[in-house]
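Ready for a short walk through a structure in your viewer? Keep the selection tool at hand, and follow the stops in order.

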Amino acid sequence: MMIFSLIAVTAISSIFVIFPEVTQAQTEENVFVTHNGKVVKTTGEVIDPLYAEATMEFDPMEYLRDFDYGKTSPLPDGTTLREYTIVAEDDKIMEVSPGVFYNAWTFNGSVPGPTIRATEGDTVKINFINNGSKQHTMHFHGIHPAEMDGVFEVVGGEGGQFTYEFIAGPAGVHPYHCHVMPLEEHIVHGLYGVFIVDPKEGREPADEMVMVLNGLDTDFDTENNFYAANTIPFYYQHHPIQINTNELIRIYVVNMVEFDPINNLHLHGNLYKYYPTGTDLVPSFYTDMITLSQTERGIMEFEYQYPGKYLFHAHKVEFSEKGWVGIFLVSDSEQETLSLTAGDPNEYGT
Amino acid sequence: MELDKKPSRVKTVASGLIPFVFVVILMAYIFGPGSDLLDLGIPLPEITIEMVDFVGSEVHATVRNTGPVPVEIVMADINDRIQPAAVEPNRFLERYETALVRIPFEWNEAEPYIIGITIEDGTRFEKEVEAAAPRLQLSSELIGFFAIIGTYVGIIPVMIGLMWFPFIKRLSKNKYHFFLALTVGLLLFLGIDSIEEALEVSDESLAGSFNGVLLVATVTILSFLGLYYTGEKLIRRVKDSPYAKPVAIALMISIGIGLHNFGEGLAIGAAVGLGQVALSTFLIVGFALHNTTEGLAIASPMAKGKPQIGKLISMGMIAGTPAIFGAWLGGFMYSPFSAVIFLSIGAGAIFQVILTLVKWIQQENQNRLSSASIVSGIAVGMLVMYLTSIFV
């Protein structure tokens with residue numbers, strides 16, 4: 001009899017496991033619209049990293065046009081000294097996509113770190129403080145003495161300090177990143193940023209922005225789970241970058257993606273002049289598609305003739321479908337001056 | 001006497017309960033003051049995508065939290081491309097809780113897909129589907145279709161196998177023992193086959209926390225014990241009549257085979273339901289061929305008694321019809337867990353039948369099992385099954 005009751009218990013309990021869809025009475029209905037316009041109704045919750053408004057600590061829109069020129073003071077020889085303080089940390093848990101939490105390692109609290117900007121010939125002095133638990137350094141791409149290379153001069157954690165000092169050059173756009181082994185780990189966790197060196201004669205005035213193309217390997221399987229321009233996947237898709245027609249746009253693009261050998265940037269409805277590494281004042285290409293390998297970077301310049309919504313994204317479509325996609329919302333500059341009071345062109349209808 | 005007995009019963013109960021009390025104290029300590037002991041190590045969250053359905057222009061994934069800690073579902077993807085989705089009833093899953101993730105997606109029939117689900121710590125879990133096929137909708141047409149397939153696979157071959165009855169009846173005692181042993185060989189193969197199948201399903205679709213191998217072992221043994229107990233009772237009851245015993249044994253065999261065929265029907269229904277249409281054609285042809293041998297297994301013990309056509313046919317039905325029910329269940333509400341359970345029950349049933357048969361052969365053969373006819377019978381039975389199984 002024991003056996004039968006055992007079998008009966010097993011059989012009955014298995015029924016509950018077999019049919020797990022317990023009917024949950026819920027009256028409230030959520031609705032969401034997919035990108036091809038399909039309306040989906042659900043009694044449950046919507047998880048939509050593509051258009052969900054996330055409350056991120058890091059604001060890619062602010063980062064986009066934020067340049068740190070440092071604390072300037074004249075030197076006896078007539079050149080300029082620019083001083084910066086950069087603090088490294090490695091215990092920050094950041095919400096990188098709605099609901100996804102990642103242990104980012106940061107320079108000055110963000111990924112990418114601050115965009116350090118100087119003019120060719122300036123003396124750049126960086127007071128580096130390592131408040132992390134691991135060793136970190138700052139390694140700049142560019143021309144500088146060996147002892148300022150941030151490779152062999154490892155800075156210990158819990159308050160270790162180092163002062164990097166060198167003459168900014170050559171003119172162009174360069175990355176900086178931590179160079180402590182295991183290097184890949186220190187880079188992919190977020191210890192990188194952009195270093196812009198302006199030519200002495202300056203560049204034509206423009207609406208300037210920085211885009212660091214990066215990836216996030218949230219499950220540490222040496223494959224990126226997310227890609228983005230400036231860390232947050234899909235950010236510039238749900239927060240289009242507002243620009244004007246007939247205004248020169250200049251983007252400093254740096255590819256910091258690891259694991260995947262290449263990345264690229266494709267612009268819709270337009271072509272850009274491309275200056276590899278930004279070291280030459282004459283563009284090398286006029287194209288809408290540039291492929292970049294690790295830490296490969298350059299300057300892109302373009303103007304939009306027609307107003308409207310234009311995508312920009314990796315034409316390695318896998319990357320764009322995992323977050324590296326954005327929108328330029330181009331407003332008619334003449335109309336804008338006319339209708340400054342007549343409402344905002346903020347309706348991009350996603 | 002009465003007074004003496006009472007305190008001793010209290011003592012018995014008390015001595016039985018005291019260890020339990022200590023178990024309770026042990027548990028209370030671990031979860032209460034001793035909970036620091038549990039903080040060692042990092043509990044890794046885990047989810048399992050148990051089922052993927054293709055419904056209209058949506059992909060549905062049934063997700064279960066099979067890890068030690070609660071999880072939150074934050075993202076869905078198809079072929080590693082992020083997709084917006086809906087989670088019902090909600091995205092928070094306690095241990096063993098399930099949720100349905102609905103991903104709007106214009107999928108293409110017969111193409112492979114990998115469904116990925118990401119949880120709050122950024123870990124992604126995935127499940128591969130070999131070929132997308134629409135989930136079968138319950139319709140009278142499909143019910144009929146599965147009934148025909150079940151008949152073709154289960155009932156007809158078993159009936160054909162039963163037609164060997166007159167042949168076996170005419171055989172000498174030695175040759176008859178050969179056929180009884182052949183039945184043992186056939187069943188041995190079927191039992192191992194069921195277990196293999198159950199392990200395969202649990203390996204592919206059940207989370208580690210279900211302890212797939214132990215689940216199969218437990219259910220197989222429980223099924224064996226349950227049927228052994230019933231079977232012995234049945235045989236003991238008919239002991240007096242020499243004609244009834246073979247019938248009882250044949251009945252046990254047909255019940256065992258019936259449970260096994262239920263598992264086969266499940267496999268066929270699931271194959272159709274999961275869109276592995278080519279595979280299911282092979283399954284149907286293979287099973288049909290294979291199952292004629294099952295008719296032989298039922299006919300052999302019966303051959304000793306009077307020809308009882310009615311009984312033979314009803315046993316054929318007992319053995320064959322479960323294939324239809326299996327196909328229905330497999331096609332319309334397949335779940336890997338139920339498949340593992342049913343396959344294991346079938347395996348246990350078959351092993352019970354083998355034991356009964358072996359005991360009977362031994363009794364028939366002056367307590368010996370080592371005669372040439374018996375050994376060769378078992379060997380040929382295994383070989384025949386193996387050769388016909390190649391078609392499956």
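A residue counts as buried when its relative accessible area is under 20%. Keep that cut-off in mind, and remember that this is a predicted model.

**Stop 1: unusual backbone in chain B.** Select Asp80(B), in the loop between β3 (71-78) and β4 (81-83) of chain B. With a relative accessible area of 18%, Asp80(B) is therefore buried. Now check its backbone: phi is near 65 degrees, a positive value in a residue other than glycine. Most residues other than glycine have a negative phi, and most peptide bonds are trans. The second half of that rule has an exception along chain B: the bond from Glu88(B) to Pro89(B) is cis, with omega near 0 degrees. You will find Pro89(B) in the loop between β5 (85-88) and β6 (92-93).

**Stop 2: helix α2 of chain B.** Select residues 140-162, a helix of 23 residues. From first C-alpha to last it reaches 31 Å, close to the expected 33 Å. Where is the kink in α2(B) centred? Look at Thr151(B), where the helix bends by about 40 degrees. Buried residues of α2(B) include Gly150(B) and Val153(B). Next, add helix α9 (residues 322-332) of chain B, which packs against α2(B) at an angle of about 135 degrees, the axes being 7 Å apart. The two helices are therefore oblique, and their crossing is right-handed.

**Stop 3: helices α5 and α10 of chain B.** Show residues 212-237 and 336-364 together: the axes come within 7 Å and cross at roughly 40 degrees. That makes α5(B) and α10(B) oblique to each other, again with a right-handed crossing. What kinds of residues form the contact of α5(B) with α10(B)? They divide into 15 nonpolar, 7 polar and 2 charged. On α5(B) itself, the end C-alpha atoms are 37 Å apart, which agrees with the 38 Å that its 26 residues should span. Among its buried residues are Leu215(B), Val219(B) and Leu222(B).

**Stop 4: over to chain A.** Select Phe234(A), in the loop between β14 (226-229) and α4 (235-238). Phe234(A) has a positive phi of about 65 degrees although it is not a glycine, and at 2% relative accessibility it counts as buried. Then pick Pro182(A), between β11 (172-177) and α3 (183-188); the peptide bond leading to it from Met181(A) is cis, with omega near -10 degrees. Finish at Phe58(A), buried at 10% relative accessibility. Its C-alpha is separated by 8.7 Å from that of Gly109(A), 51 residues apart along the chain.

Technical notes
Residues numbered from 1 in each chain as written. Chains lettered and ligands numbered in written order. Predicted model: local features only at pLDDT ≥ 70, side-chain atom pairs only at ≥ 80, totals over all residues. Heavy atoms only, no water. Helix = DSSP H or I, 4+ residues; strand = E, 2+ residues; numbered from the N terminus. Expected span 1.5 Å × (residues − 1). Bend = angle between axes of the 7 residues up to and from the residue. Buried < 20%, exposed > 50% of the residue type's maximum accessible area, 1.4 Å probe, protein only. Axes fitted to C-alpha atoms, helices over the stretch in contact; angles between N-to-C directions. Parallel < 35°, antiparallel > 145°, perpendicular 65-115°, else oblique. Left-handed = near helix turned anticlockwise from the far one by under 90°. Nonpolar A, V, L, I, M, F, W, Y, C, P; charged D, E, K, R; others polar.
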